[in-house]
Amino acid sequence: ISSVIHSIAIQPNNKIIAVGCSESNQNDGFLLVRYNCDGSLDSSFGINGIVRTQISGVEEGARTAKIQGDGKIIVGGYSGSNESQNFALARYESNGMIDTTFGENGIQITKFNDEPDGITSIALQSDGKIVAGGYSYLEGISNFALARYNSDGSLDNTFGSEGKIISLFNNQGSSASSIAIQKTGKIVLGGSCGEHMNSNFILARYNSDGSIDNSFNNIGYTITDIDSSDHLYAIALWSDDRIIVAGKSYDITNNNFVLAQFDSDGTIDSSFANYGIKTTPIPSGLSTRGGICLQNDGKIITACSEFVDSLSNWDFVIARFLTNLNLGVKDFILENCDPLIYPNPVTSEFQFSYFLTKKAWLSLRLFDMQGNLCQTFYLNQFQEAGQHMDKLYLNSCLPRATYLLELKNVKDKVGLRIIK
């Protein structure tokens, strides 16, 4: 029987829990496997190290897992027919026995509507509540979906509408793949939006009551266009609540690992890599979901699997990135220039303001996310010290996308993301 792992979690005793499903028989339900530290199956867990749980007996599978502080295992996924799958959540004792005090005999099914729903990620709040993120289709369009549960598995009615939220952003279909909770208690949900071959990264933030947090990038969400097809796989948080995401971008000729870093308020962190984005070429091929891990020394590990030349020939790809090198630019004249674009997103006309501590020769140019020059507003123009307010116009021929506005002198530069 062919089976696939979708997520792993480490128990306090360092044993490894892997969750997934059977590829050849989707009626097998949730699949859990536990390994000892040396990689051998732990025969004390379930039956010879394996636990199978039928949820509804139709099509179902586990997609994500978390370990509670008491050692219990929370597993999330989907259950139901192709036309009407639902959020499925189960809880197990640390030894693999189903926890019958959770939900209904250890299982909680949540229905958003009559179309497919599914959990792709789980986060645990400090108060013991469980937040599940994923997707919910409505009239054939995928939406971000969230549900919050009390520690006993019941829906938390103080969250959203009867414990559930569906969000559609920018009139584009979107599907969440990862979730994280910041120290403030705010919930960051990330994934992809748009059509498969014309998709972008998307991050959204919610308040603790489930309402959209409009202080996040000023509109509650941020969309990042990197290449023709961009897919965000995973979110991680630094200790200061900055957000780093991992994913993949590709078109006909390019295939890249992507890291993107955002400040805690949702704006792109221009001090990271190339104005907040790092792309690394990898062999061409379609990939499955991947993951991200932050080491204690600040290094970043990201991984995914992908097929190279056929659906039967899959490779595992892993990469590690350094962050102790400052790949951004430290500014001197421009260090405290407080650049601001208004409005953003931009249709045509916009204002760009900045402050100079002393006079300088400056260039202002627009680049796409691949570093290609798209528009020059001025080049080596003399500017006096003080506050500046430029009234600018985007070239009408530019397609709708995310761009970088770069203000530069001989030694220094600053960049701001601009959305058309």
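How many disulfides does a search of the whole structure find? The search finds zero. The views below are close-ups of a predicted model.

**View 1. Two cysteines, Cys21 and Cys374, in a structure with zero disulfides.** Cys21 counts as buried because its relative accessibility is 2%, under the 20% limit. Cys374 has a relative accessibility of 25% and therefore counts as partly exposed.

**View 2. Strands S3 and S4 form an antiparallel pair.** S3 covers residues 30-35 and is joined to S4 over four bridges. Leu32 is placed opposite Val51 of S4. S4 itself spans residues 50-53, and its side chains alternate. Val51 and Thr53 are buried and point to one face, while Ile50 and Arg52 point to the other face and are not buried. In a regular strand, side chains alternate between the two faces of the sheet.

**View 3. The largest nonpolar core contains 22 residues.** Phe350, Phe352 and Phe377 have the most contacts inside this core. Two or more residues come from each of strands S25 (349-356), S26 (360-368), S27 (373-383), S29 (402-408) and S30 (413-419). Beyond four places in sequence, Phe377 touches Phe350, Leu364, Arg365, Leu366, Leu392, Tyr393, Leu394 and Leu405. A second core, separate from the one around Phe377, has 18 residues, including Ala180, Ala260, Tyr275 and Met369. In soluble globular proteins, nonpolar side chains tend to be buried together.

**View 4. Ser192 sits in strand S14.** The strand runs over residues 187-195. With a relative accessibility of 14%, Ser192 counts as buried, since the limit is 20%. The Ser192 side chain reaches the backbone nitrogen of Leu232 at 3.1 Å. Leu232 is also one of the residues that Ser192 touches beyond four places in sequence; the others are Gly173, Ser174, Ser175, Asn200, Ile202, Asp230 and His231.

**View 5. Arg91 is a buried residue of strand S7.** S7 comprises residues 84-92. Arg91 counts as buried because its relative accessible area is 6%. A polar contact of 3.3 Å links the side chains of Arg91 and Gln68. Apart from neighbours within four places in sequence, Arg91 is in contact with Gln68, Lys72, Ile73, Ile74, Ile98, Asp99, Thr101, Phe102, Gly106 and Ser151. Between Arg91 and Asp152 the C-alpha to C-alpha distance is 9.6 Å, with 61 residues separating them in sequence.

How values were computed:
Residues numbered from 1 in each chain as written. Predicted model: local features only at pLDDT ≥ 70, side-chain atom pairs only at ≥ 80, totals over all residues. Heavy atoms only, no water. Buried < 20%, exposed > 50% of the residue type's maximum accessible area, 1.4 Å probe, protein only. Pairing = 2+ DSSP bridges. Core = buried A, V, L, I, M, F, W, Y, C linked by side-chain atoms within 4.5 Å. Contact = heavy atoms within 4.5 Å. Polar contact = N/O pair within 3.5 Å; in protein donor to acceptor, adjacent residues only side chain to side chain. Disulfide = S-S within 2.5 Å.
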